[in-house]
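Me: Could you take a close look at one part of this model for me? I'd like to know how a single helix sits in its surroundings, with enough background on the chain to place it.

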Amino acid sequence: MTTDSVGDDAGDGDVPVVYDLAPDCTVEDIESDTPYLATVNGIVEYGIFVDLSDSVSGLVHESTLDGTYAVDDELVVEVDNVRDDGDISFEPVELEDYRVEAVDHDYRPTATTALDTNLGEQVHVEGIVTQIKQTGGPTIFQVRDEHGVVPAAAFEAAGVRAYPEVAVDDVVRVTGVVESREDAVQLEVGSLTALEGDDASEVRDRIDDATEEWAEPHDVEPLVEWDAFEKLREDIREVARMLRKTVIEGRPIRVRHHADGDGMCASVPVQRALEGFIAEVHQDPSAPRHLFKRLPSKAPFYEMEDATRDLNFALEDRAKHGQKLPLVLMLDNGSTEEDVPAYRTLAHYDIPIVALDHHHPDPEAVDPLLDAHVNPYLYDEDYRITTGMMCVELARMIYPDLTNDLRHVPAVAGLSDRSKAEAMDDYLELAAAEGYDEDDLQDISEALDYGAHWLRYDSGRHLIDDVLNIGVDDESRHRRLVDVLSTRAEEAVDEQLDAAMSHVEHDPLDNGAHLYTIDVENHAHRFTYPAPGKTTGEIHDRKVEETGDPVITIGYGPDFAVLRSDGVRLDIPQMVTELDEEIVGGGVSGGGHLVVGSIKFVKGRREEVIDSLVEKMAEADLDEDLSSTSPLTE
Amino acid sequence: MTTDSVGDDAGDGDVPVVYDLAPDCTVEDIESDTPYLATVNGIVEYGIFVDLSDSVSGLVHESTLDGTYAVDDELVVEVDNVRDDGDISFEPVELEDYRVEAVDHDYRPTATTALDTNLGEQVHVEGIVTQIKQTGGPTIFQVRDEHGVVPAAAFEAAGVRAYPEVAVDDVVRVTGVVESREDAVQLEVGSLTALEGDDASEVRDRIDDATEEWAEPHDVEPLVEWDAFEKLREDIREVARMLRKTVIEGRPIRVRHHADGDGMCASVPVQRALEGFIAEVHQDPSAPRHLFKRLPSKAPFYEMEDATRDLNFALEDRAKHGQKLPLVLMLDNGSTEEDVPAYRTLAHYDIPIVALDHHHPDPEAVDPLLDAHVNPYLYDEDYRITTGMMCVELARMIYPDLTNDLRHVPAVAGLSDRSKAEAMDDYLELAAAEGYDEDDLQDISEALDYGAHWLRYDSGRHLIDDVLNIGVDDESRHRRLVDVLSTRAEEAVDEQLDAAMSHVEHDPLDNGAHLYTIDVENHAHRFTYPAPGKTTGEIHDRKVEETGDPVITIGYGPDFAVLRSDGVRLDIPQMVTELDEEIVGGGVSGGGHLVVGSIKFVKGRREEVIDSLVEKMAEADLDEDLSSTSPLTE
Amino acid sequence: MTTDSVGDDAGDGDVPVVYDLAPDCTVEDIESDTPYLATVNGIVEYGIFVDLSDSVSGLVHESTLDGTYAVDDELVVEVDNVRDDGDISFEPVELEDYRVEAVDHDYRPTATTALDTNLGEQVHVEGIVTQIKQTGGPTIFQVRDEHGVVPAAAFEAAGVRAYPEVAVDDVVRVTGVVESREDAVQLEVGSLTALEGDDASEVRDRIDDATEEWAEPHDVEPLVEWDAFEKLREDIREVARMLRKTVIEGRPIRVRHHADGDGMCASVPVQRALEGFIAEVHQDPSAPRHLFKRLPSKAPFYEMEDATRDLNFALEDRAKHGQKLPLVLMLDNGSTEEDVPAYRTLAHYDIPIVALDHHHPDPEAVDPLLDAHVNPYLYDEDYRITTGMMCVELARMIYPDLTNDLRHVPAVAGLSDRSKAEAMDDYLELAAAEGYDEDDLQDISEALDYGAHWLRYDSGRHLIDDVLNIGVDDESRHRRLVDVLSTRAEEAVDEQLDAAMSHVEHDPLDNGAHLYTIDVENHAHRFTYPAPGKTTGEIHDRKVEETGDPVITIGYGPDFAVLRSDGVRLDIPQMVTELDEEIVGGGVSGGGHLVVGSIKFVKGRREEVIDSLVEKMAEADLDEDLSSTSPLTE
């Protein structure tokens, strides 16, 4: 019961107070020994029935009554008796004079997280609507307060939208009974009202404050001390905050990641962290399945086809399940100009995009379209801080319980992308303490690459978890699987190189570097592992080892070329820009890292493009310190 | 209660009538103050129990009885009292003489559409079985009467087919209790009997009559007045009737449409109309999902792969859900000889096929295999009446409420296929009145084309609805999406033409037309937007504009060529027939419209095929009136 | 009730026995007129309440009591009365002296197959856990005893794993109430305990014995008498036993089969047989869907991509549904070295692999990785015993009821692979008796091939069933479908040969055979039916017929060649080995049958590979008896 002034200390002279219940008051708002204003609504032989509010009414027995009453007469009563079955009887209170005080219904809301202690009881919940799903039966509103989220089922008629005036993001007050459903508690809605004005603001502010607080990432010490990484740390923390907030607000998250070793080492920890946090926030074991999706991308950028499909699925989920549109999280992917068309397609929908990448970025092109962009080049660092290294820290900020599962992951990420980061030694040591020596980690990296190749567009969740040994409790299975896949990967590489090596051509360049070229369309197996990029990389590695000199390797197909280099100061993105301008009708595009990458062109202009490319490479400066320029993959 | 003569006016002399209830009579068949024949079935201290039928029985209290009775004795009784719990007591009626009249159970069926007012009550429904689905629990019969369809659940044992003697299309009488299920009402079957002979015919006739009446399309005025279109109108009306009847009879509909702008403008309105009508007929919000499917086809004909899959899915749905096999509706697709193998595969199943197309038809080949075929060429009109224009009218005949959503669609369809129809001005005006100027419509057309390209085999329902702005309430989102997609489409075309234009070759033909050829395999980007057809079209358009003369453009790949022409009287289908005969081992096939189309051939015969094709083109007459010959796409 | 010595014949002197119930005893353990030790747990006005065990308690009325009792006092009682509502009253038994005998709860288990006669009752089941599925609500344990399998639902909290200490393969005792679920009976778990030591061994032994017995294949006479086949019969029987045992133990089965005629004739009967047996064992109509999957493979070996996907799906099913990992059954596939990488990938998981194949095997390579391997070459027989012939017998051993559906299938299998087996005449006769003449069977074979081509990776269950006429009751639909598909297949072959025949090149070889070569990339339609293998085969057949001489035909593409031969003693697997060694950078691999097969190589080495291959073929011996060397497909 909420009144401006409560019974005993009623001010305003000596006149006693009689309380007038608002129509929405319930039994919970009345108290014993307190006089209420009542209205007669029925007369029977043994007494009169009175209403105190829409839902509070009862009998005044004729034995307690003086005089006669007509329907709609008012009188003052107090509670006589409440029976086990909830029936209430009242008795009249005789007062010469009194003043009336209004009583509002007590809408003190119950926390969504406390509902399981109120099974079968009527409660009030105040919150923001995060999803409205029309089923064939009731309409399900997901309502979020400062503690969590609860589904509220309102039934108008089978398949008919209840409370059509209420929309996602409205602030609502729900009165309903707490029920236990197969997979969680649920409110059976009695009434659901959109709040407005101050009422709404107050609730929204309360929830926003709580959200901000809850979204705050955990304060975790980085796994290794590393000055270069410190520069990015605060921005990664900001991404952790955005992702936690996204989860709290009930918006789905869709991860698009490069389907290679580093991309897996980046996305799998983030998946684990977000799934854990989603389950915690939504108290529903099926929520992670509905609110998170990880999708590998074959190309090192966001292809239009993927973006179109993502948008189409998102619109479908909104139409079918009333879900918000998702946040798209690009991992080991998303920093370059090639991502722009896809970003633009999503831009006018309510789809925030966040990119964490370590490919050479084009911030001028992508930043206007991104809600956050973390890339070591933006802090004068480079690819050596791999996305996997960043994302292990990101995952820990979101859900620190994972830490023990992740200590070996940055080392795998680093080896996958041949990172020559100063911190690699520390990462290797960290992994060693968990029982992984460098060969083990290298095998995991090869196994990831091989598995990802054959899984194609499937995230291969369980297989990849086993390979990476994250959240899996069978160490020996992990070891056997990695052994099988990495051994087979090596065999496949050997078979490929058996076919290809005799066809590799060698030219010494003017700048002193060796150039090796291979026609991967004609002199390597197609449509198998290793694909052209990996094949070129393996040839390159052998040549680097053979010569000990600066080496550039080009693997070309009908309309593409893969570029690898060691000891040469290339700037592939810059070369692509120049080639596109210089070769009319060449249709040159592409990019990647500075010194490794891939380009596409029009089939009929291959010779011209490659010749011109080689010319540019012959002019590049050599690098004194071979150690800083060569990651393996694009 | 149905008797030949009712109580009061019993004829046949003065002897009073006593009614003898048939065994299947229920309480609903008995009336007060009416004598019934009863049989003693039990004797207790306080009276005797009597049966009036299998389910009507009750007590005759000993206080009302004269004499003694043995089990199986007959006596005449009338109702004494019916208690709240349904128990009936009778009292004996003393009659010197009487004659017996049989009473049949009153099977007056309840309309399927009136069941929701009979929740919890026992009713009878008479109808035709349209689907029999065996679940893990009960067997679900969909029963259709002259008003609608209702599911009837019969339980024999878990997963066991109830009433195995009843098949789809049988006429049945169902007695059951009306229940409310999550998504609709349902009958809990007490008994289900296949009717035969006259009983069946009578019901079937009644339903057939109602079906004919219900299937009658709405009488809508065409959106624009247009003589050419009037010729087709009655046949489109006939298709509307067939589709409505198909829906009423519970047969699923599977639309296969060309995945381009006109195909979308045709299929999306029809989808909306049929989904609306299905929901209306089946009173089940999930029915449209089960009974309708829209599938884009990349090729401009019904590929064997698609037909095989469609058949396989249909057989699976029949096996799993007891559904009828579907009707296949071909839109902007299906008129040519290339469709014949697919049609033949479906022909011997119960799968009606209907085609609405405006590609140059081969009625001799396809008509024997089609249940209906509408194509402007069959009425001496041509491609200028686009499928989208026809289908907007078709959709309105099926479900006229859509009209306001569709006024701009024919204009988009016309622009997509470069229709030079006389009605285009009226269509543009109609769209203008809805706020779309010609640039807007052109942008929608480009956006449709671009979206369809990346969606590939996905119908992309929500994305396409947003692009076409059908049934969507967010005008500004529609505009932004169209802007993004059409802008990106234009950029992509520009990038493609940047690569390709310098490789276009020019030859003046003997007939005065310019011939432009481009090797799209070697001088254009592959596997991206725009694909070879669109690339060729865009080059063609630029050349037409540049020269102002008759122009033919050929874009060729290893084993295909795309043909575009303006101002030349080509007959591509005829050329294909000739080439196939003349070039041994050329394997030439293809077709499309008269003056635009595409052909396929064997890779090793490309030069010969193209040379021969150019020769034929050089002989073609020029067209005085450029305006009537050139649609954009095949 | 189980006691060491029962009431009447209680030994040990004349002292009467009083029984002391163990805490887990239930009402079912007590008998009338038998004295039990009871403990007072409550005192009320009208008597005392006593406990006999945790769940057995009741009132002793004060009228029957002498003296007074305090809580926790012991007394001896016997049953006075059991009321309808289950309440029990006791009366005291006065005994001067007695001895106490312990009574254990009677855990006599109920057979899982007898549960449906115990609906609503509490029962005990003892068995092995075969699956543990965590739902959003309860945890579902599949428990298998010597009779069958029953699901047991245990609820700890929504989505929380109940009895986390229990794992798959544990022996458990379940006490629960039998309930009827939508699709079967289910136990509502009261308690579930993992048994250990002797208790567990006893149950496990009992179940193992029953499993062995149940797994025993049926004793069926082969459809035709055939000495060559007799050699394999016992090993096929062993495979039948393994598969039946796999079903009984609740392990899923995943069939990978060659997607051609013989592969279909092999896999479809086995599918039918296993589905029938699964339904019988698991008493759940949805079990076959969860425990069996048939997947066609385009390549004639187990591709890494397929194996990776199979493993990923298996891990997902284990994680989502708690299923065991599957047994993989390779049919018409799986005998060669090319299968090894895939086998190795699965080897370290608990995934048994069984292969039935008739391609030329490499037992040294595959046998160490297989749990069973049946191939006619292992018994000095050859490809003429087709996989379809073997699998029809295998299917009959598993589920003999199918026999009548399968009599025509071996003949189709034989024709599909051009088997010249001596038994072919008998098989044709057998089919003739069912109404299929040789043309019919040939048409079925063509239709299968054509259907499989377009279905690609879809098993096309219902379509293929209709084509093969297995388990389908519409003979005329079968005939029409076969007619349509085989006619269209022939047309497509004709179209292909129209394009190709004029490009076939002829060279006489030194050994007297004719060599025909065709460039199928440049002189045949691509990406359509017939594919290169079938195209080459059809050309070959025409040439064999034309010449009547020994013929070798090679159809080559950019990086592959298909080989067909008649009348020449080739050993293709041997040639592949030699080519791979001799041609550096050729990357040659492949295989198939001895005299028909296909090879792959690196595009840039095609000329060298084909030349070298032709040289080897020119040296091969001719075969006097043309009839024994030529199956159609690889």
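Reply: Chain A has 17 helices and 23 strands, and bear in mind throughout that this is a predicted model. Those elements are spread over four domains: domain 1 runs over 7–103, domain 2 over 112–214, domain 3 over 216–481 and domain 4 over 504–628. The chain is quite drawn out. Between the centres of domain 1 and domain 4 of chain A there are 91 Å, and the C-alpha trace of chain A spans about 120 × 55 × 45 Å along its principal axes. The radius of gyration tells a similar story: chain A comes in at 34 Å, whereas a compact globule of 634 residues would be near 26 Å.

Even so, buried residues make up 50% of the 634 in chain A. And if you take the contacts in chain A with a separation of 6 or more, 66% of them join residues 24 or more positions apart.

One stretch comes with a label. UniProt, in an unreviewed entry, annotates residues 31–93 of chain A as "domain: S1 motif". In the model, that stretch is 52% strand and 0% helix, and its end C-alpha atoms sit 14 Å apart.

Now towards the helix. Where chain A meets chain B, 25 residues of chain A are in contact with 33 residues of chain B. On the chain A side, helix H5 (304–321) and helix H6 (340–347) each supply at least two residues. H5(A) gives the most, with eight residues. By class, that side of chain A has 11 polar, nine nonpolar and five charged residues.

For the close-up, let's go to H6 in chain C, residues 340–347. Which of its residues are buried? They are Ala342(C), Tyr343(C), Thr345(C) and Leu346(C). Look down the axis of H6(C) and these buried residues fall within an arc of 155°, so they line one face of the helix.

What does that face pack against? Part of the answer comes from another chain: helix H14 (475–500) of chain A is one of the partners of the buried residues of H6(C). The others belong to chain C itself, namely helix H5 (304–321), strand E15 (327–331), strand E16 (353–356) and helix H7 (363–366). To see it on screen, put Ala342(C), Tyr343(C), Thr345(C) and Leu346(C) in one colour, then add H14 of chain A and the chain C partners in another.

Conventions:
Residues are numbered from 1 along each chain as its sequence is written. Chains are lettered from A and ligands numbered from 1 in the order in which they are written. This is a predicted model: local features need pLDDT of at least 70, side-chain atom pairs count only at pLDDT 80 or more; totals for chains, interfaces and linings use all residues. Domain bounds come from an automatic or database domain assignment. Two residues are in contact if their C-beta atoms, placed from the backbone, lie within 7 Å. Helices (H or I, at least four residues) and strands (E, at least two) are DSSP runs, numbered from the N terminus. Ala, Val, Leu, Ile, Met, Phe, Trp, Tyr, Cys and Pro count as nonpolar, Asp, Glu, Lys and Arg as charged, and the others, Gly among them, as polar. A residue is buried if 20 or more other C-beta atoms lie within 10 Å of its own, exposed if 12 or fewer, and partly exposed in between; C-beta atoms are placed from the backbone. The arc is that of the directions from the helix axis to the C-beta atoms. UniProt positions are given in the numbering used here, feature names are shortened, and annotations may be inferred rather than shown by experiment. The radius of gyration is taken over C-alpha atoms; the globule rule is 2.2 Å times the number of residues to the power 0.38.
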